[in-house]
Amino acid sequence: MNVLQNNSDAVNATLLVQVTPADYTEKVKKAINAYRRKAQFPGFRPGTYPVALIKKQFGDAFLAEEVNKLVSEALYDHITKNKVEILGEPLPTADFKAPELVEGKDFEFSFDIAIAPSIDLELSKKDKVTYYTIDVDKKMIEQQTASYRGRFGKYVKAEETAEKDVIKGLLEELDEKGNVKEGGVKVENAMISPAYMKNADEQKKCYGKKIDESFDFNPFNAFNGSEVELASLLKLDKEQAKEFKSDCRFTVKEITRFAQAEMNQEFFDNCFGKDVVKSEAEFEAKIKEELQKQFVADSDIKFIIDMRQTVIDGLKEVKFPEEFLKRWLKETNKEMTDEKIASEFSKMLDDLKWQLFKDKVAKAADVKVEKSDIEAVAKKQAKAQFAQYGMISVPDDILDNYVQEMLGNKDGRKNATERAFENKVMDILKEKVTLESKSISFDEFNKFFQN
């Protein structure tokens with residue numbers, strides 16, 4: 001079997017695959033015999049059905065299958081042995097007419113391939129890229145502190161009602177004269193929270209009451225006639241609740257309030273582990289340190305975006321096999337219409353430039369992604385996810401279990417592997433170019449990502 005390569009230019013070529021009977025005859029014979037040993041035919045034991053009949057009935061199919069295998073292997077071997085860096089996959093030449101497959105004859109198949117262009121861009125210290133670091137200001141520290149204090153806070157008893165309290169007591173329906181209605185709605189251990197009331201005037205009636213003091217209010221007005229809220233409060237079904245318009249008297253029996261955690265050693269230990277910090281000053285410093293660690297990932301994302309644009313700008317003159325790539329996209333993806341390709345091809349080409357450049361850098365540096373690299377990325381992602389919920393000091397065994405679960409998923413492992421590869425390439429690029437560090441506020445940084 002022979003494969004001839006004809007380069008029409010630096011990025012386009014045609015592969016002509018020549019197949020002779022010597023290449024396929026024995027393979028077809030073996031395939032037929034293997035089928036004969038297993039196939040079931042009426043009146044024949046397995047392995048006794050005449051080969052001639054099998055060839056007559058199915059010979060064309062066996063020939064086509066074996067020839068297609070040979071052609072695919074020949075293409076792969078040629079590309080591999082000759083180190084042809086292709087883009088996409090070989091496509092049958094558009095104007096080439098496939099030969100009729102008849103046993104005993106020679107066949108030729110023609111395929112177009114796209115050759116990856118040479119990426120000659122070399123970066124040096126002359127290339128300057130801004131590396132943005134996010135300032136951790138006092139406001140951010142205060143917000144994070146409040147988040148921690150809320151997470152480790154608890155409910156306590158209060159002496160006087162306020163907006164966010166949960167008030168427990170006796171609810172009684174009033175008559176038109178403002179007296180407790182005989183036979184009216186009466187709920188022991190009713191619970192309300194002024195913060196959930198929709199009417200500000202009704203809310204205010206609840207404030208400043210002590211144990212055993214009462215206030216009159218209108219539940220229908222307080223909750224804007226919500227059947228669900230009224231039914232829950234008054235212990236009525238929804239049909240009864242939506243008709244309930246009476247005023248009620250609420251006698252306070254218990255006031256519960258959520259109190260943030262106090263800034264003490266127990267709180268510090270809950271946040272960061274035993275004796276990691278021992279004062280409010282150390283606590284704030286630790287908060288700042290953790291926020292700065294979290295923001296490194298954001299800074300790196302911005303660096304990748306800017307580095308990518310630098311590379312794309314540097315590869316503007318590189319010629320790509322655009323017509324082939326458009327054809328390949330359309331033939332291998334049913335959703336790729338001419339209109340979609342026209343609107344998205346430029347972006348696809350930029351993505352391809354960036355990927356080829358990264359591959360070149362990785363190859364030159366002999367970058368290898370090890371299992372430990374993948375696990376480190378997954379662990380970092382896990383820590384970041386826990387940190388979003390204020391969980392900083394997550395035990396290693398929990399993190400390890402989370403990582404293994406993440407990497408047990410095919411997509412999760414693929415994403416972690418790609419991130420580990422890109423991290424190594426980015427570390428190399430950071431050394432190649434000149435990084436111009438610039439501090440910036442969190443709000444200013446976010447503007448980079450606003451459309």
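Is Glu-418 buried, partly exposed or exposed? Glu-418 is partly exposed, with a relative accessible area of 42%. Okay, hi everyone. Before I go on, this is a predicted model, so please hear everything with that in mind.

Let me stay with Glu-418 for a moment. Its side chain meets that of Lys-414 in a salt bridge, 2.8 Å from N to O. Both residues sit in helix H14, four residues apart, so about one turn of the helix. And Lys-414, at 47% relative accessibility, counts as partly exposed too.

There's a pair with that kind of spacing over in helix H3. Lys-138 and Glu-142 are both in H3, four residues apart, again about one turn. Their closest N and O atoms are 4.0 Å apart, and the pair is on the list as a salt bridge. If you're wondering about that distance, the cut-off is a nitrogen within 4 Å of a carboxyl oxygen. As for accessibility, Lys-138 counts as exposed at 57%, while Glu-142 counts as partly exposed at 45%.

How many salt bridges does the structure hold? The count is 29. The one I'd like you to find on screen is Asp-112 with Arg-327, where the closest N and O atoms are 3.2 Å apart. This pair links distant parts of the chain: Asp-112 is in strand E4, residues 107–115, and Arg-327 is in helix H10, residues 322–332, with their positions 215 residues apart in sequence. Asp-112 counts as buried, because its relative accessibility is 16% and the cut-off for buried is under 20%.

There's also a network: Lys-286, Glu-289, Glu-290 and Lys-293 are linked by salt bridges. Hold on to Lys-293 from that group, please.

Now, pockets. The largest pocket has a volume of about 1,400 Å³. It's lined by 42 residues, and the closest to its centre are Lys-293, Gln-294, Phe-295, Ala-297 and Ala-384. So Lys-293, from the salt-bridge network, is back again, on the list of residues closest to the pocket centre. Which elements give two or more residues to that lining? They are H3 (138–151), H9 (280–314), H12 (371–388), H13 (396–408), H14 (410–432) and H15 (442–446). The largest share, 10 residues, comes from H9. By class, the lining has 19 nonpolar, nine polar and 14 charged residues.

The second largest pocket holds about 270 Å³ of space. Its lining includes Glu-85, Ile-86, Leu-87, Pro-117, Leu-356 and Lys-360. Two elements give two or more residues there, strand E3 (86–92) and helix H11 (338–364), and the largest share, four residues, comes from H11. The class split for this lining is six nonpolar, one polar and four charged.

Next, Val-277, if you're following along in the viewer. Val-277 is in the loop between helix H8 (265–272) and H9, and it counts as buried, at 3% relative accessibility. What does Val-277 touch, leaving out residues up to four places away in sequence? Its contacts are Gln-265, Phe-268, Phe-272, Glu-282, Phe-283 and Lys-286. Lys-286 is also a member of the salt-bridge network from earlier. As for Gln-265, it's 12 residues from Val-277 in sequence and 8.1 Å away in space, C-alpha to C-alpha.

On to cysteines. How many disulfides does the structure hold? Zero. Take Cys-248: its closest cysteine sulfur is in Cys-206, 12 Å away, so that's too far for a bond. Cys-248 is buried, at 0% relative accessible area. Cys-271 is buried as well, with 3%.

Last topic, backbone angles. Most residues other than glycine have a negative phi. Asp-212 isn't a glycine, yet it has a positive phi of about 75°. You'll find Asp-212 in the loop between helix H4 (200–204) and strand E9 (214–217), and it's exposed, with a relative accessible area of 52%. Asp-366 has a positive phi too, about 55°, and isn't a glycine either. Asp-366 lies in the loop between H11 and H12, and it's exposed, at 51%.

That's what I had. If you'd like somewhere to begin looking, try Lys-293, one of the residues closest to the centre of the largest pocket and part of the salt-bridge network. Thanks, everyone.

Note on methods. Residues are numbered from 1 along each chain as its sequence is written. This is a predicted model: local features need pLDDT of at least 70, side-chain atom pairs count only at pLDDT 80 or more; totals for chains, interfaces and linings use all residues. Side-chain values use heavy atoms; hydrogens and water are left out. On a 1 Å grid over the protein atoms alone, a cavity is a set of points where a 1.4 Å probe fits but cannot get out, and a pocket is an open set with protein on both sides within 12 Å along at least five of seven lines; lining residues have an atom within 4 Å of a point. Grid points are joined across faces, edges and corners, and a volume is the space filled by probe spheres set on the points. Ala, Val, Leu, Ile, Met, Phe, Trp, Tyr, Cys and Pro count as nonpolar, Asp, Glu, Lys and Arg as charged, and the others, Gly among them, as polar. A disulfide is a pair of cysteine sulfur atoms within 2.5 Å. Buried means under 20% relative accessible area, exposed over 50%, partly exposed in between (1.4 Å probe, protein chains only). Contact means heavy atoms within 4.5 Å.
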